[in-house]
Amino acid sequence: MIAFGLAVSSGLLALFADPPAVNPAGVPPIQIVQINRKDPVLYDKDIEPIFLNKCAFCHSGNIKEGKLDMATYETLMKGGKKGGAIIPGKADESLLYKLSAKVMRPAMPPKSEEPLTPQELALVKLWIDQGAKAPTAARVRPKIILQPPPASVHPVRALAFSPDKSTLAIARGNTILLNSQIRPILANLANSNPLARLQVALNDPLANALQAPLLDPDLKSSDGKPVRAAHVGLVESIAISPDGKTLASGSYQEVVLWDLKERKILRRVGGFADRVVALAFNPDGKLLAAGGGAPTEDGEVKIIDTASGKVALDIKSSHSDTVFGVAFSADGKMLATCGADKFVKTWEIPSGKALKSFEGHTHHVLDVTWKSDGKFLASAGADNVIKVWNFEAGEQARTLTGHTKQVSRVTFVGTTPNIATCSGDQSVKVWNADNGGVQRTLTGFPDFLHALAVTPDGAFIAAAGEDGSVKIFVGQANQASRTIPVQD
Ligand code: HEC
């Protein structure tokens, strides 16, 4: 059954034609309607809202399915994996139109999601046939209607161990789960008596819950529907305070602080330009650095006073594009940031004065970490390499190669010279940053990895990504000890 979503107020004259008899997409095609419109179809007014509403979730930000980025007109016109998706003037020959009309595989959006209405499809067709014109110069960013992610989209974007190692916080889709399945493992390690181990596991209330979500009881989508989650949009980043009491989570235009023990919301901090994709507490937990910013426009680095929720420091024009990583030095006197502008930068805290910046990656820099002595930094790049930087000398120390896709996270392991990384190549590696040697390679992941957490003693490594499942590695094992599946 095809729904006709014709808006009465649009003043468009609609004529209906029969849908094509052949159906190569395997799903019913969208009804073709002709719209009779004298004024040109405008990208910003007519087209972008449709794409933002029905496509952008899977085609912008950190998810770019089919390598197609629909976040801006420019990236849209670049096309995806199969090349240009739009041929100006020729909608019938444009991949984007054929997939959206569901006359070619894979139908877009996928079956599980709300299809374009015949009228939306007709507008897209007319826009392409009129030459797929760019938005006018004096345009305003459209207001994004924030909706929960489609059910099929539940990537794990961030992971964090509590300081006592008893809990793993998992940011999956728009939820945050506190997983205590590592408690029995810890008890196992600590105790050779099997009965005693069982006792520890049974007496532990959180371990019995095993997976408790952090929920905001008042959460609603912008159309007023209740949402059972931590944020309406995807959770992009999380961090746990050094005392283990507070968890911070970042999502679209906001950061939320949670009381971990009571599992309830402490405060919501708004005022961010776009997604908050990086979070880090300073060593005394009084400050929280948040990184993000609107893609291709501006990077954003704000330091929040965790007690008041107020912005303690706003480092303006830190990066010229999205900031993907923030990290405080162990003494809390410096902040390192990195971003889509290919730079790693360092700042004096609390003044915000620029210290040194490091250039060498040939693509987005996705994460940054300080060595515990504050003398070296390591950064992870979408150019598939990790770079180690000598902070004092202000220069590159070495480049670590071995990952075959973008390196999404990097972290120094406690006070050791070792770093752990995860990558789109579906592996985790542990390296010695002093000599560049690979010490361990952890495999068996089914998909692109976005998230990594390592306890300071290196005893636990957790990694996860696009498919939503999480793997935990204990000790020196290269096989996962636990896999936390996606439960839906
Ligand atoms: C739920 C996620 C999801 C949504 C929503 C979605 N897509 Fe996709 N899209 C995908 C996936 C996954 C692929 C890759 C499919 C493949 O390669 O087999 C894809 C691929 C594409 C491609 C092909 C890119 C290339 O060069 O390979 C186009 C064009 C496209 N989508 C357009 C759209 C449009 C237009 C919309 C909205 C009307 C949309 N998509 C909504 C998931 C989605």
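**Reading strands, burial and a ligand shell**

Modeller: Five bridges join strand β25 (residues 407–412) to strand β26 (residues 418–423), and the two run antiparallel. Keep in mind that this is a predicted model.

Colleague: What do β25 and β26 form, and how many residues lie between them?

Modeller: They form a hairpin, with five residues between the strands. In the turn, G414 has a positive phi of about 50 degrees. For register, take V410, which stands opposite T421 in β26.

Colleague: Is β25 mostly covered or mostly open?

Modeller: Mostly covered. Six of the six residues in β25 are buried.

Colleague: How do I judge a single residue, say L247: buried or exposed?

Modeller: Count neighbours. A residue is buried if 20 or more other C-beta atoms lie within 10 Å of its own. L247 has 27 other C-beta atoms within 10 Å, so L247 is buried. L247 sits in strand β10 (residues 246–251).

Colleague: Which residues does L247 touch, leaving out those up to four places away in sequence?

Modeller: A169, L214, I238, I240, W258 and L260.

Colleague: How far apart are L247 and R263 in sequence and in space?

Modeller: They are 16 residues apart in sequence and 9.5 Å apart in space, C-alpha to C-alpha.

Colleague: Now the ligand. Which residues come nearest?

Modeller: C55, C58, E65, G66 and G80, out of 26 residues around the ligand.

Colleague: Which element gives the largest share of that shell?

Modeller: Helix α3 (residues 95–100), with four residues.

Colleague: And what is the make-up of the shell by class?

Modeller: The shell has 15 nonpolar, six polar and five charged residues.

Conventions:
Residues numbered from 1 in each chain as written. Predicted model: local features only at pLDDT ≥ 70, side-chain atom pairs only at ≥ 80, totals over all residues. Buried ≥ 20, exposed ≤ 12 C-beta atoms within 10 Å, placed from the backbone. Contact = placed C-beta atoms within 7 Å. Near = placed C-beta within 6 Å. Nonpolar A, V, L, I, M, F, W, Y, C, P; charged D, E, K, R; others polar. Pairing = 2+ DSSP bridges.
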